[in-house]
Amino acid sequence: FAYEMIAIAKRCVIGDSDFTVNVPGNVYAFDSTTIDLCLNVFWWATFRTTKAAIKIHTLLDVKTAIPAFIYITEGSVHDVRSLDVLAYEAGGFYVMDKAYVDFKRLSVINESKAYFVTRAKDNFSFTRLKSEKADKSNGIICDQTVKLKGSKSNKSYSNSIRRIKFYDVEQQRSFVFITNNFDQDAIDIARLYKYRWKVELFFKWIKQHLKIKSFWGTSFNAVKTQVYIAVCTYTLVLIIKSDLKINRSTYELLQILSASLFDKTNLNDLLKCPT
């Protein structure tokens, strides 16, 4: 049912006007968040010796801020393993942090005709094949085509990789991005990675405003059900906001609806009247 709600929301929610990167495909940010649980009650949620937890792995559509895929596991499951359950969309961009750098799995994205954008790990070892002219006025230090060094890495990912080094003036630090997309401008790749924070904001929002930090049931199924109910609530508020063209924040709408569940006032009048 949550995925039915997601499908409806994707059809009616207008894209984010803050998204300014011109790319042909959809852009997704993938990450996970951890929900701590009591080990004595949630004994099945393996995490640490003295603590239980679950992880909510989320693929977020960056342009609409709607989750496209939710995968819930025990807290002990490594983030990179969640890539194995994703179905990749040809032409789509998948933005991830460097915790997801596993070249065997990145090769699956490449073979699916999709694109990954992530940061290189500190031990990223490569051989430079060629360099493109870098526009240093935009913060691009270098734009290279490289090959993985080492027989094991090269066997996992035998194709060329694009390596982009970018200096962020605001943070006053350099970032090294790797991608299998060679068509977009280097600055577009750097900007795409910035939108990865959209999924972090989504996690922060649902933790603060929806009930996913304490649970009514103690079984794995009960916990998953409550998380998916939270996703349904989130998408429902977005659908209402879009359909009624209401100029209020998602949080405001959620608060009004929460306080008016048994109110018989017309929904349009209830949400559009001044507070």
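Two residues are in contact here when they have heavy atoms within 4.5 Å of each other. With that idea in hand, let us walk through this structure, which is a predicted model.

A good place to start is Asp97, in the loop between S4 and H2. Setting aside residues up to four places away in sequence, Asp97 touches Asp31, Thr118, Tyr193 and Arg196. Is Asp97 buried or exposed? Its relative accessible area is 18%, and buried means under 20%, so Asp97 counts as buried.

Now step back to the whole chain. It has eight helices and nine strands, and its C-alpha atoms fill a box of roughly 65 × 45 × 35 Å along the principal axes. Of the 275 residues, 48% are buried. The accessible surface comes to about 14800 Å², and carbon and sulfur atoms hold 50% of that surface. Among contacts in the chain with a separation of 6 or more, 53% are between residues 24 or more positions apart.

How far can the model be trusted? The mean pLDDT of the chain is 90, with 97% of the residues at 70 or more. Strand S4 (residues 93-95) has the highest mean pLDDT among the elements, 97, while helix H8 (residues 267-272) has the lowest, 78. Where pLDDT is low, the predicted coordinates should not be read in detail.

From Asp97, the chain leads on to helix H2, which spans residues 103-111. Which residues of H2 are buried? They are Phe103, Arg105, Leu106, Ser107, Ile109 and Asn110. The cover over these buried residues includes four elements that are listed as strands or helices further along: strand S5 (115-119), strand S7 (140-148), helix H3 (151-156) and strand S8 (161-168), together with strand S9 (173-179). After H2 comes Lys113, with a positive phi near 65 degrees.

Next, look at strand S6 (residues 126-132), which holds Arg128. Leaving aside neighbours within four places in sequence, Arg128 is in contact with Gln144, Thr145 and Val146. Arg128 and Gln144 are 16 residues apart in sequence, and their C-alpha atoms lie 6.8 Å apart in space.

Let us turn to the spaces inside the model. How many cavities of 30 Å³ or more are there? The count comes to one. The largest cavity has a volume of about 40 Å³, and its lining consists of Ile56, Ile70, Phe202, Ile206, Val227, Ala230 and Val231. By class, this lining has seven nonpolar residues, no polar ones and no charged ones. Helix H5 (197-209) and H6 each supply at least two of the lining residues, and H6 gives the most, with three.

Helix H6 also takes part in the second largest pocket, whose volume is about 270 Å³. This pocket is lined by 15 residues, and Leu210, Ile229, Thr233, Leu254 and Ser258 lie nearest its centre. Helix H6 (220-243) and helix H7 (250-259) are the elements that give two or more residues to the lining. Which of the elements gives the largest share of this lining? It is H6, with seven residues. The lining of the second largest pocket divides into ten nonpolar residues, four polar and one charged.

Between H6 and H7 runs a loop in which Leu244 is found. Leu244 has a relative accessible area of 23% and is partly exposed. Beyond its neighbours within four places in sequence, Leu244 is in contact with Leu267, Asn268, Leu271 and Lys272. With Leu271, the separation is 27 residues in sequence and 8.9 Å in space, C-alpha to C-alpha.

Lys245 is found in the loop between H6 and H7 too. What is the phi of Lys245? It is positive, about 50 degrees, although Lys245 is not a glycine. At 69% relative accessibility, Lys245 counts as exposed.

A final stop is Ala65, in the loop between strand S2 (52-61) and strand S3 (66-74). Ala65 has a positive phi of about 60 degrees although it is not a glycine. With a relative accessible area of 26%, Ala65 is partly exposed.

Methods
Residues numbered from 1 in each chain as written. Predicted model: local features only at pLDDT ≥ 70, side-chain atom pairs only at ≥ 80, totals over all residues. Heavy atoms only, no water. 1 Å grid on protein atoms, 1.4 Å probe; cavity = no way out; pocket = protein on both sides within 12 Å on 5 of 7 lines; lining within 4 Å. Points joined across faces, edges and corners; volume = space filled by probe spheres on them. Nonpolar A, V, L, I, M, F, W, Y, C, P; charged D, E, K, R; others polar. Buried < 20%, exposed > 50% of the residue type's maximum accessible area, 1.4 Å probe, protein only. Areas by Shrake-Rupley, 256 points an atom, 1.4 Å probe, with all protein chains shown as cover. pLDDT = per-residue confidence, 0-100.
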